Amino acid sequence: MSGNTDKQSHAILDNLSLYYGPKKKFVAICAGTGCRAYGSLKVKDALQAELKKQNMTYVDVLATGCLGFCEKGPMMIIHPDKYFYHSVKESDIPEIVEKTIGKGEVISRLLYRHPETQKTLFREEDLPFYKKQLRVVFGKNGMIDPSRIEDYFAIDGYQALAKVLSEMTPEQVISEVKKAGLRGRGGGGFPAAVKWEGVRKAAGEPKYVIANGDEGDPGAYMDRSLMEGNPHSVIEGMIIGAYAVGSNHGYIYVRNEYPLAVENLSKAIQAAKDNGLLGENILGTGFSFDIQINKGAGAFVCGESSALFASIEGRAGEPRAKYVHAVDRGLYDKPTVLNNVETWANVPLIINKGADWFASIGTEGSKGTKIFSLVGKINNTGLIEVPMGTTLYEIIYDMGGGITGGRKFKAVQTGGPSGGCIPESLLDLPVDFDRLYDVGSMMGSGGMIVMDDTSCMVDVARYFLEFLKEESCGKCVPCREGVRRMSEILEDICAGRGREGDIELLETMSTAVADGSLCALGGSAPNPVLSTIRYFREEYEAHIRDHRCPAGVCKGLISYNIDEEKCTGCGVCVKVCATKAITGELKKVHTIDNDKCTRCGACIQSCKFDAIYVK
Amino acid sequence: MVNMIIDGKNVTARKDTMLLEAIRGAGISVPTLCAHESVSRSGACRLCVVEIKKGNRTRIVTSCLYGVEEGLIVNTKSERVLNVRRLVMELLLARCPESDVLQKMAAEMGIETQPRFAIDTDKGKCILCRSCVRVCEEVVGVSAIGLFSRGSYKEVGTPYNEPSDACIGCGACVYVCPTGHIEMTSTGDKRKIWGRTFKMQACIRCGKYFAPVDQLKYISKKTGTSMEELSICTECR
């Protein structure tokens, strides 16, 4: 990582202070979906009411998009001192207004405490979670109330568009993006400029520009947070792309399960139109481009380009063979650029800061930064943005704060259902498009699910194949039937019905399904199976040969037992057991009837004496 | 014309043909289930896969949808190709155990039932090749049947599986179905298909019932030919 990354990343907040005046008091409060779930809107309302009550309405309140550290929501940053408060409750508000906003005093209980040194940390940039990040795309969320286009203007919003329209030819734009080395953030990592060039040169009118916001990987929400938190960056990128390829019509395909993203995008599109940045004759240059939002019904396969086109066209979301590329015949059979939301959001940055700046970040083959969603058995759940090439170790331990409950790291699943599981021995892997592919996984859109020693890797593969079985469109045989059969075999293995030869059969099937499937869903569906067999084969063997689940997860292979030494006969477990599987007299050692037991785990959680164990 | 090497043989093919035709034209057989000459291609069954080599890159493509290209090196029987075909056949045999067409085809290819796959009992002989759906839309032009649900729950049928007013009872779907899944029964002046009973038209010359009245009405409306003219069967015309 380059030495000045911290400066680059954190200079953004300083810029904001400049805009508001160095001493201007204002509060940025996270109103992303995660913090909303923690009640941040109530906190915001309470803050505004309290400011009114204490006659401080001159203090501006920004309801921003996701700030990333979702584990600690609701969070707020109080300017000009930039104090970072987390897990804020409504009841904290009067004190915050009186002391911090009113007198500039810090309330230490609301500050983040370093988990090891126990030191309280005052500002965002001091937190280990943020320290190593380079938040050039995502960090701007903290400075914008997405419903106010002025906020985006304040951070040089639409400057890139103005520059492109007034100073650059379409070819120059394409050449700049090519020089930057921008690769698609949606999964494939295809060079964006190559697509653009193809569409620019392709015969056929009209041409279309599309943002793919059909983020559907379990546990991934980078694109949602960008669309919610900084919709104008996506829109600006698309307008620039449209100018480069010669398109006048664009679509943002976003799933309807993202209501806040739809709302904020709609508002942003309207605001851009009202300001002459979208629609007819943009900025008086004669260039016209309009964007329409297309709400998807939440089918995973609709993230695949040709299925996405079919869905926009009003047909069932099924892919078609892609021997003719979308660049030549995409939406309505016309030349089409389809890029992921995050890819588009990178475009204004490249124009503003230059291709050389962009290309200076990252690795040989993967330039710039990447946003990852860090979820699973990790202390700091949230969204991070790091330079390409940051190691898994840095992500999981430095930013992610390690594994919850101090347990042992087992694997990290990257790339969503089409990705793979990466074991501990590869923690030093620099994360970029090519290296992830080399180890049998992929970048995907940037989901990272961290697993500890209580995760069964066969069960993980079973889970993802079950997901893919449900999400396969059903058009071609290898995916529809093959993934289903693989899922059945994995289910058998997890239930103790695995047979000798199953591992080899899964391997052969994986190759045939990947080779034979029509689209990338089937093409990558075997990845979770292949990567877990590759790195955790002994776990499969334990299930099949010894009828044992080493992680103690697979319900058909484990039993719940009571440690006679530890059980005090308190009877708490008897009360929580829904199936009445636990019996025993008070103050005497209890027993569990494993025929009645459903392995729900409620008794383990209830036992204060750690007397119940899984075997 | 383009020149290619298919299974080591120099083959010349017309520029606008698909690989499948070029391969068959060279006397090499390729199994297919969903490529029917009357409908557009969908690439659903994946049996026609072949391995192509362009430069240093080899990949598997469906020959029914891949256009011929100058200099292409094609292998129709590589290990990767046979591995895909074997899996597809095993999967279809498990899905449609009663299909004699599939069994015959599998036998010819030397493929047996994969004992690890549980046999389906609820899918009939339908392999979801969608030839019926395509013929109904593209040739007949009524789109009375379609595909619904997703993934392994996918099915062919009329909307909500209820008798469809759009269906004209023509039986084109039965004609193109490769496995004989679609049931059509004709007795006297009645024909039953897709849950609907159609009244048949008797030929005004020979008296033989030859087509559903609804079908003739549809043709009359589309072509402007009178019902009287259409009420003569093809043999008497």
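Q: What makes strand S3 (residues 49–54) of chain B and S4(B) a pair, and in which sense do they run?
A: Two strands count as paired if DSSP finds at least two bridges between them. Strand S3(B) and S4(B) share six bridges and run antiparallel, so the requirement of at least two is met. Within this pairing, B:Ile52 stands opposite B:Arg59 of S4(B). The model is a predicted one, in which local features need pLDDT of at least 70 and side-chain atom pairs count only at pLDDT 80 or more, whereas totals for chains, interfaces and linings use all residues. Residues are numbered from 1 along each chain as its sequence is written, chains are lettered from A and ligands numbered from 1 in the order in which they are written, and side-chain values use heavy atoms, with hydrogens and water left out.

Q: Which are the edge strands of chain B, and why are they called that?
A: Strand S2 (9–13) and strand S4 (57–62) of chain B each pair on one side only. The open sheet has five strands in the order S2-S1-S5-S3-S4, with mixed pairing. Strands (E, at least two residues) and helices (H or I, at least four) are DSSP runs, numbered from the N terminus.

Q: How do you know that helix H2 (residues 79–95) of chain B lies across strands, and which strands are they?
A: Helix H2(B) lies across S3, S4 and strand S5 (73–75) of chain B, where contact means heavy atoms within 4.5 Å. The helix runs at about 155 degrees to S3(B). Such axes are lines fitted to C-alpha atoms, for helices over the stretch in contact, with angles from 0 to 180 degrees between N-to-C directions.

Q: Which strands make up the open sheet of chain A, and in what order?
A: The order is S12-S11-S15-S13-S14, with mixed pairing. The edges are strand S12 (382–387) and strand S14 (420–423), each pairing on one side only. Strand S11 (residues 369–376) is joined to S12(A) by six bridges in the antiparallel sense, and A:Lys370 has A:Val386 as its bridge partner there.

Q: How many residues of chain B and chain A take part in the contact?
A: Chain B gives 36 residues and chain A gives 35. The area buried between them is about 2,900 Å², of which carbon and sulfur atoms give 52%; buried area is the accessible area (1.4 Å probe) that two parts lose on being put together, summed over both. B:Arg46, B:Arg116 and B:Arg150 supply 25% of the area that chain B buries against chain A, more than any other three residues.

Q: What makes B:Arg116 and A:Asp492 a salt bridge?
A: A salt bridge requires a side-chain nitrogen of Lys or Arg within 4 Å of a carboxyl oxygen of Asp or Glu. The closest N and O atoms of B:Arg116 and A:Asp492 are 3.0 Å apart, so the pair satisfies the rule. Nine salt bridges are counted between chain B and chain A, and 61 over all chains.

Q: Why does the pair of A:Glu171 and A:Arg200 count as a salt bridge?
A: The N to O distance is 3.2 Å, and therefore the cut-off is met. The pair links distant parts of the chain: A:Glu171 lies in helix H8 (residues 170–180) of chain A and A:Arg200 in helix H9 (residues 192–201) of chain A, 29 residues apart.
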